Amino acid sequence: MDDSPKYRLLDAAGAAFAQLGFAGAAVRDICQAAGLNIASVNYYFGDKERLYAETVKYACEKSATKYPMPQWPEKTPAWNRLQDFITTFVNRLTDPENKPWQTQIIMREMAQPSSACLEWIRDYVQPLADTLKSILAELSNKPVVDDQLYCIGFSIVGQCLYYRQNRPIGEQLMGKERFSALTPQVIAQHICNFTGAALGLTPPLLSNPGKKVIHTRSRAIARERRL
């Protein structure tokens, strides 16, 4: 971890902003938590608003640096790239070095967007979205602006996010020990399998008996409609 004054400020600010929001967090308290004098915010960031914007971006950039997107060789199959994308994204979200405030401040921005949210989308979210859309467009032979690609992308990202932002719920439902056994590798593989099945790229996840039940029920409904 970088222990320089600038990054101590970002960590202290992240914890304060995540809990209290922009208006509720006091610069004096942030500086005190970082072990710095109050002038340090102006020195490193200019003002409180800039500190907040940089804190929102910092919430993501640490794990993004640790788990960069692969530089795929030319002609790498789109399905392989999609699996790499999902695995990398899951690793970023479930990085054990992530602090709780990193998720909390992003969730706060998603619920109550500020100008910092626009910067975060531009610098972090948009590049990821562009990468994912290009992969899905190649898989489907659809233009990258097709709304269905956005919906598929949202579904993929939503699966990944669940294991980070809803971890307490998962632990309650499954038990902490069982949920903890869902390592990033296990989670990423499941999401890849689920997504591949939904896109018709891999076998269905459900067993054949389950499919027969569905088909039998469908035939029963069809018979009822004919009567």
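This is a short talk about the helices, the surface and the cysteines of one protein chain.

Okay, hi everyone. Before anything else, keep in mind that what you see up there is a predicted model.

Let's start with the overall build. How many helices and how many strands does the chain have? The count is 12 helices and 0 strands. If you walk along the sequence, the pattern reads α-α-α-α-α-α-α-α-α-α-α-α. So much for the elements; now for how the chain comes together.

Take the contacts in the chain between residues at least 6 apart in sequence: 66% of these join residues at least 24 apart. As you trace the helices on screen, try to look for some of those pairs.

Next, inside and outside. The chain has 227 residues, and 36% of them are buried. As for the outside, the accessible surface is about 13700 Å², and carbon and sulfur atoms account for 56% of that surface.

Now my favourite bit, the cysteines. How many disulfides are there in the chain? The count is 0. Let's look at Cys160 and Cys192. For Cys160, the nearest cysteine sulfur belongs to Cys192, and it sits 8.2 Å away. Cys160 is in no disulfide, because the sulfur atoms of a disulfide have to be within 2.5 Å. Turn that around and Cys192 is in no disulfide either, with the sulfur of Cys160 as its nearest at 8.2 Å.

And where do these two sit, buried or exposed? Cys160 is buried, with a relative accessible area of 2%. Cys192 is buried too, at 3%.

That's me done, thanks for listening!

How values were computed. Residues are numbered from 1 along each chain as its sequence is written. This is a predicted model: local features need pLDDT of at least 70, side-chain atom pairs count only at pLDDT 80 or more; totals for chains, interfaces and linings use all residues. Side-chain values use heavy atoms; hydrogens and water are left out. Helices (H or I, at least four residues) and strands (E, at least two) are DSSP runs, numbered from the N terminus. Buried means under 20% relative accessible area, exposed over 50%, partly exposed in between (1.4 Å probe, protein chains only). Contact means heavy atoms within 4.5 Å. Accessible areas come from the Shrake-Rupley method with a 1.4 Å probe; for residues, only the protein chains shown count as cover.
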